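This report looks at the aromatic rings of a predicted model. The sequence and structure come first, followed by the ring contacts.

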Amino acid sequence: MHPVVRGAGALGLAAVLAAATAACESGSGSDAAKAGPSTASAAPTTPAATASSPASAAVGVPPLPASLTGQQLAWQTCPAPSTAQGGDGSAPGAPWECATLKAPLDYAAPDGQTIDLALIRAVATGAGGQSRIGSLIYNFGGPGGSGVVTLPALAKDYADLNSRYDLVSFDPRGVGDSAGVRCLDDAATDASAAVDGSPDDQAEVTALDAANSGYTAACERNSGAVLRHVDTVSAARDLDLVRQVLGDPKLHYFGISYGTELGGVYAHQYPGNVGHLVMDAVVDPTKDPAQSALAQAKGFQLALENFMKACAAQAGPSCPTGQGGDEGTRRITDLLNGLDTAPLPTDGTRRLTQDLAVTGIAAALYNPKTWNALAVGLQEAMQGGTGTTLLALADAYAGRDQQGHYSNQSAANRAISCADDKSRYSATDVQGLLPSFRQASPVFGDFTAWGLTSCTGWPVQGSADLPEVSAPGSAPIVVIGNTGDPATPYEGAGAMARRLGAGVGVEVTLQGQGHGGYDSGNTCLKQAVDQYLLADRVPAEGTTCS
């Protein structure tokens, strides 16, 4: 399991939920994979040429040519997602429409080469005679998640917002069908599971270094032309181009997990263009990759302990982690130590390795709805000697379908992270960090620490030590933190609100479990966000929901 220090957001969440449901309910599909708002009947969005106010350009960025800002999008019925995008292979159907937008490959040369960005939307329904506000653009995290796949899969959580907003998402640059980064092929990606991600001796360290070098070489060989242009600053500029082409004078945006970092970078570059902006499951903009990975190790350990408490309360002695606490952690580490030398069989030809088991456990901790699947998977592995359910959870998280094809989310994740972060970590660096990571989490510590080496030797230098998100002059931005969030620990929300600036970042707390808050089912939080987005009522600072 490599650390996704910005958090996976909704990246793969619909797939994880579907895999968990299949594991626990004999193959029934996930409702989330089929959900969508009611059929749209509102008028198409206004062309960019009629936007009521001009864009405020980011400082130091050459103006874009009219051939880009004046594009007319050709919205059409969406096809089935591509292999790079992932998904279940079926087209989303009504009310979803798809289009392609051209953006500069390099914003320093806006008249030069362009790339295509894949977009999806469901136009505002106007339910109850309500007037349309504009477009609400989503980024679901990763980095690396396909918005074209994820928005329809999770749209039922946002159906109330569809009355007054066109729900819009996109594949960010480097992701899915937007100049998607390509690295290893499917067979080589499967083979990488045999490389120990938490090496125990020098031979395994050498093997991990070789695997990282081979991965980097494959990315450069297959996608070298785009690697230096998939950074978050460029993605934020794409956001503003999308805003202009959609005809919106202000950006209305909903960012989840890494999407909060993208939203913060946007607000810094274009504070005057911020309309309504929501950040949910917030990345801490004050932590470098090592600090973020350590916080994430602690966050996943906390979520694991919360799972074990709930399992003990519900299942009693039959819970695979017993009474939880030290006992439960020991049972899991014993399982993982065994897998290090003896992977478990599954119902297919592949075996459950230590790395895949840790990934499957982490994937299930993103949402309490998948805790039951985690209990099933642990029981299978500990008592039945098989790894089918944990492997299914790991595959869903990694974007691997049942035919063995991978989406490009892992490749995009690494490419975007390495383009952003200046930090590079050697094996010696990691070995010095291991004691603190192991103390933070006996289960996840080694894996998150060693994942820090994934950008070492990357052909593109990272752009910054930390993302710049200060946004003086911006409209208020709602920043949501969940106290039980494993992937983006709660403290990150307060740090983001402070860094955005006084009068800009407005923190809202959910005392809950899982990654993110809006889709948790908490009525208090949903009402606070809906009133902000639909009625322009900014929540009171310090609002807390439980």
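## Aromatic pairs

A search of the whole structure finds twelve aromatic pairs. Two of them are described below, one stacked and one edge-to-face.

## The pair Y138 and F254

In the pair formed by Y138 and F254, the ring centres are 5.3 Å apart and the planes meet at 15°. An angle under 30 degrees counts as stacked, so this pair is stacked.

Y138 belongs to strand β4, which covers residues 134-139, and F254 belongs to strand β6, residues 251-256. The pair therefore ties together parts that are 116 residues apart in sequence. Y138 and F254 are both buried.

## The pair F307 and W371

F307 and W371 form an edge-to-face pair, with 6.0 Å from centre to centre and 80° between the planes. F307 is in helix α8 (residues 289-315), while W371 is in helix α11 (residues 371-384), so this contact ties together parts that are 64 residues apart in sequence.

Are these two residues, F307 and W371, buried or exposed? F307 has a relative accessible area of 2%, so it is buried. W371 has a relative accessible area of 12% and is therefore buried as well.

## A cluster and a charge over a ring

Y138 and F254 also appear in an aromatic cluster, which is formed by Y138, F140, Y158, F254 and Y518.

A contact of another kind involves R414 and Y215. The charged end of R414 sits over the ring of Y215, at 4.0 Å from the ring centre.

Technical notes:
Residues numbered from 1 in each chain as written. Predicted model: local features only at pLDDT ≥ 70, side-chain atom pairs only at ≥ 80, totals over all residues. Heavy atoms only, no water. Phe/Tyr/Trp six-rings, centres within 6.5 Å; stacked < 30°, edge-to-face > 60°. Helix = DSSP H or I, 4+ residues; strand = E, 2+ residues; numbered from the N terminus. Buried < 20%, exposed > 50% of the residue type's maximum accessible area, 1.4 Å probe, protein only. Lys NZ or Arg CZ within 6 Å of the ring centre and 35° of its normal.
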